[in-house]
Amino acid sequence: MSIVAAPQTARADDPYWQCVTFARMLSGIQIFGDAWTWWRQAVDKFRTGDAPEQGSVLVFQPSGRMSRGHVAVVSDILTDRVIRVTHANWGGSRGKVEENVTVVDVSGSGDWSQVKVWYSPIRDLGTSVYPTYGFVYKNAAEAGQQVGEGALRLAQGGGSAVAGGAR
């Protein structure tokens, strides 16, 4: 049985969705602004990390034509390096919602800092590798909680992934 499967796409008469509006609605995480800003905004308000949890939001860094980043909600965890997400306005599905899209962690250290995403037009994983910041979890950060290395990295002006620990 293959764990890589074609996602289901929305009907043609569905509304035009932006990824941030859709992710906010589906996840319940109330962050606003361009997708790439979600990570910075989440650091003091929500738990963040480098391990997927169902319902968490994977935040993509700006890269290439994806100048505003991207956000996708984790719908299923298949293995420690393969998840499915539900997201909107991705690649060949402009403005549409795609459900249960396969995303594979291709980072060297298994920290979800680099991923490949299923690309419907070719019915396979795309060839692009996308950098990510990590996952934002719905649970709010508690007062005095150690936010993790992600906050330190952002405070120092960095944006790339760190190996291990929270990002």
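Asn89 is buried, with a relative accessible area of 15%. The residue belongs to strand 5, and its phi is positive, near 60°, although it is not a glycine. The model is a predicted one, and these values are computed from it.

Arg123 also has a positive phi in a residue other than glycine, here near 55°. Arg123 sits in the loop that connects strand 7 with strand 8 (124-125). Its relative accessibility is 59%, and because the cut-off for exposed is over 50%, Arg123 counts as exposed. Asn89, by contrast, is buried at 15%, under the 20% cut-off. A positive phi is found again at Gly28, near 80°, in the residue that follows helix 1.

The elements named so far belong to a protein with three helices and nine strands. Along the sequence their order is β-α-α-β-β-β-β-β-β-β-β-α. Helix 1 therefore comes after one strand and is followed directly by another helix in this pattern, if helices and strands are numbered from the N terminus.

Helix 1 spans residues 19-27. Its buried residues are Cys19, Val20, Phe22, Ala23, Arg24 and Ser27, a set that includes the charged residue Arg24. The cover over the buried residues of helix 1 comes from several parts of the chain, including helix 2 (37-42), strand 3 (57-60) and strand 4 (70-79). Strand 5, strand 6 (93-105) and strand 9 (130-140) also contribute to this cover.

Helix 1 and strand 5 appear again at the largest pocket, which holds about 690 Å³ of space. The pocket is lined by 25 residues, and those closest to its centre are Arg65, Met66, Trp90, Gly91 and Arg94. Helix 1, strand 5 (82-90) and strand 7 (114-119) each give at least two residues to the lining. Sorted by class, the lining has 12 polar, nine nonpolar and four charged residues. Among the residues closest to the centre, Arg65 and Arg94 count as charged, while Met66 and Trp90 count as nonpolar and Gly91 as polar.

For the protein as a whole, 43% of the 167 residues are buried. The exposed surface comes to about 8300 Å², of which carbon and sulfur atoms supply 49%. Where contacts join residues at least 6 apart in sequence, 53% of them link residues at least 24 apart.

Notes. Residues numbered from 1 in each chain as written. Predicted model: local features only at pLDDT ≥ 70, side-chain atom pairs only at ≥ 80, totals over all residues. Heavy atoms only, no water. 1 Å grid on protein atoms, 1.4 Å probe; cavity = no way out; pocket = protein on both sides within 12 Å on 5 of 7 lines; lining within 4 Å. Points joined across faces, edges and corners; volume = space filled by probe spheres on them. Helix = DSSP H or I, 4+ residues; strand = E, 2+ residues; numbered from the N terminus. Buried < 20%, exposed > 50% of the residue type's maximum accessible area, 1.4 Å probe, protein only. Contact = heavy atoms within 4.5 Å. Areas by Shrake-Rupley, 256 points an atom, 1.4 Å probe, with all protein chains shown as cover.
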